[in-house]
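Grab a pencil and have the 3D view open. Below are a few exercises, each with a solution worked out step by step.

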Amino acid sequence: MRHHRQRILDEVGPAGQQRLTSASIAIVGVGGLGAPAALYLAAAGMGRIGLIDDQRVDLSNLNRQVLYSQSDIGLLKVDAAVRRLRAIDPAIRLEARRENVQPSNVAEVMNAYDVVIDGTDAFETKFLLNDAAVLLGKPLVHGAVLQWGGQVLTVLPGWPCLRCLFRDPPEPEVVQTCEEAGIIGAATGVIGSVQAEEAIKLVLGVGTPLSGRIFQHDGLRGATRITEFRRDPDCPVCSAHATINDLSRYVDQVSARGHVLV
Amino acid sequence: MAALDLRQRQRYARHLSLAEIGEAGQERLLRSRVLIVGVGALGSPAALYLAAAGVGTIGLADHDRVRLSNLQRQVIHSIDGLNQPKVQVAAQALRRLNPELTVEAIEATVDERNALDLLARFDVVVDGTDSFRARYLLSDAAYLLGKPLVHGSIFRVEGQVTVFKPGHGCYRCLYPEPPPPGAIETSEDVGIFAALPGIIGTIEAAETIKLVTGAGDALVNRVLLHDSLAMTFREIRYERNRACPICGDRPTVHALIDYGAFVGVAP
């Protein structure tokens, strides 16, 4: 009854709904991107959702992080998120993890789930998630936003990864953070919802994921672009001569800013 | 002009850094009045993101109550709101997110009798409905009042968004004739892929923010089409139809009509 409107889709059906109920998703970073992703994954009936974030809700989050309320200010995001998602569907297993992903815990966090959604806002973490996804063979739905737009791509085993497209994160002096550059909530809503859609398709095994393709959205112009890209034969993490090849030695192979060291 | 207070500066800090919004744009948002017709799959994300953005007055119009089968995609609602009027449940959620806004809960079906009076009180109208009858009604009413209408619709795994700005085409220009009666399933029989309405409804919110602030290029004369399974977006251009019965060169429709009869459904 609850999921009637998607069960009647050929692409979902009773078997697909069962697959969603048995699946687990990690949402790393429960902010602008994680908020809509978490809402839609809970609504769709994902069996188990891990929420990974060590921050607390701040008033300046509320222009975009629609998972939270004014009364949540000061609470841990993961705790406030669990309460809100439980109100949508109490049957979902929600795991609140008050931590940040780092080289030391990334394998343990990612291995506990079937699919990982990147809702983080730091480049070094985005590259760490990419590298770990490649090394662990874990599907990762990457997303990033700034100002009025953003991008999504899905990293699947054997397909191109983030470093095939962007070898290293940009230098800190050339990038602006959301705090400096600004962000419109609806941009995070579009990108986070696309990430949820990608994750649902991966679990159901339907449709065409954004693997080997990057989706870029410019909300200000109302323009979208999807660009195909190939594996880089010299990719530092997913090619035959990768230099990033051991998560236990990650800090020797990648700088704290996410740059390839060797 | 009232300047933003300290708390508003914190809440909207990420907008103040945006060149296209800044302080003047935020004040415009806070003074704006947006009506969302239909607080379901599309209205949920649209309402959440417009409230988060600081749209000063949000009208929510819907006659329905929250049902369990809504919760698969209507993320503004929750189990505590089951069987309650959608507009009341949604209004509470918006006030929790942003208590400084005025939220008007209008528990009514928008129809040919009340549409003009209702739409006249708002600056922008957001279509979150799920019937052809309502889409033609809103398009005609918005055109007659000279109001911009942000149109969104979803069907199974696909969705579309466009902005009807008076003089630049309307829903009738895109779809001169309603589909033949019986050709379309009633909405309860149409599956909806989860997260699809999140994308379409959120783009509707972004377009509304652009119309209010004057930022960027609105989706005027362009329909953005999304296929969630193939994960593609396509843009189709359209023009005002000079033969359109309402916004064409020689209009024959000068007032609202009976939209149930027009689309061929029982009243």
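**Exercise 1. Work out how β7(B) is paired on each side, beginning with β6(B).**

Step 1: Strand β6 (residues 158-164) of chain B runs antiparallel to β7(B), and four bridges join the two. Strands here are DSSP runs of E with at least two residues, helices are runs of H or I with at least four, and both are numbered from the N terminus. Two strands count as paired if DSSP finds at least two bridges between them. Within this pair, Gly159(B) sits opposite His226(B).

Step 2: Now look at the other partner. β7 (residues 222-227) and β8 (residues 232-237) of chain B are antiparallel too, over six bridges. Here Leu224(B) faces Glu235(B).

Step 3: Check the link. β7(B) and β8(B) make a hairpin with four residues between them, and Met231(B) in the turn has a positive phi of about 50 degrees.

A word on the model: it is predicted, so local features need pLDDT of at least 70 and side-chain atom pairs count only at pLDDT 80 or more, while totals for chains, interfaces and linings use all residues. Residues are numbered from 1 along each chain as its sequence is written, with chains lettered from A and ligands numbered from 1 in the order in which they are written.

**Exercise 2. Put the strands of the chain B sheet in order and find its edges.**

Step 1: Eight strands give an open, mixed sheet, ordered β3-β2-β1-β4-β5-β6-β7-β8.

Step 2: At the edges are β3 (102-106) and β8 of chain B; each has a single partner strand, so one side of each lacks a neighbour in the sheet.

Step 3: On average, neighbouring strands are turned by 15 degrees against each other, direction ignored.

**Exercise 3. Describe how α9(A) meets α4(B).**

Step 1: The axes of α9(A) and helix α4 (residues 43-53) of chain B come within 9 Å and cross at roughly 150 degrees. Axes are lines fitted to C-alpha atoms, for helices over the stretch in contact, and angles run from 0 to 180 degrees between N-to-C directions.

Step 2: List the residues. Gly185(A), Ala186(A) and Gly189(A) of α9(A) meet Pro45(B), Tyr49(B), Ala52(B) and Ala53(B) of α4(B). Contact means that the C-beta atoms, placed from the backbone, lie within 7 Å.

Step 3: Sort them: five are nonpolar, two polar and none charged. Ala, Val, Leu, Ile, Met, Phe, Trp, Tyr, Cys and Pro count as nonpolar, Asp, Glu, Lys and Arg as charged, and the others, Gly among them, as polar.

Technical notes. Two residues are in contact if their C-beta atoms, placed from the backbone, lie within 7 Å.
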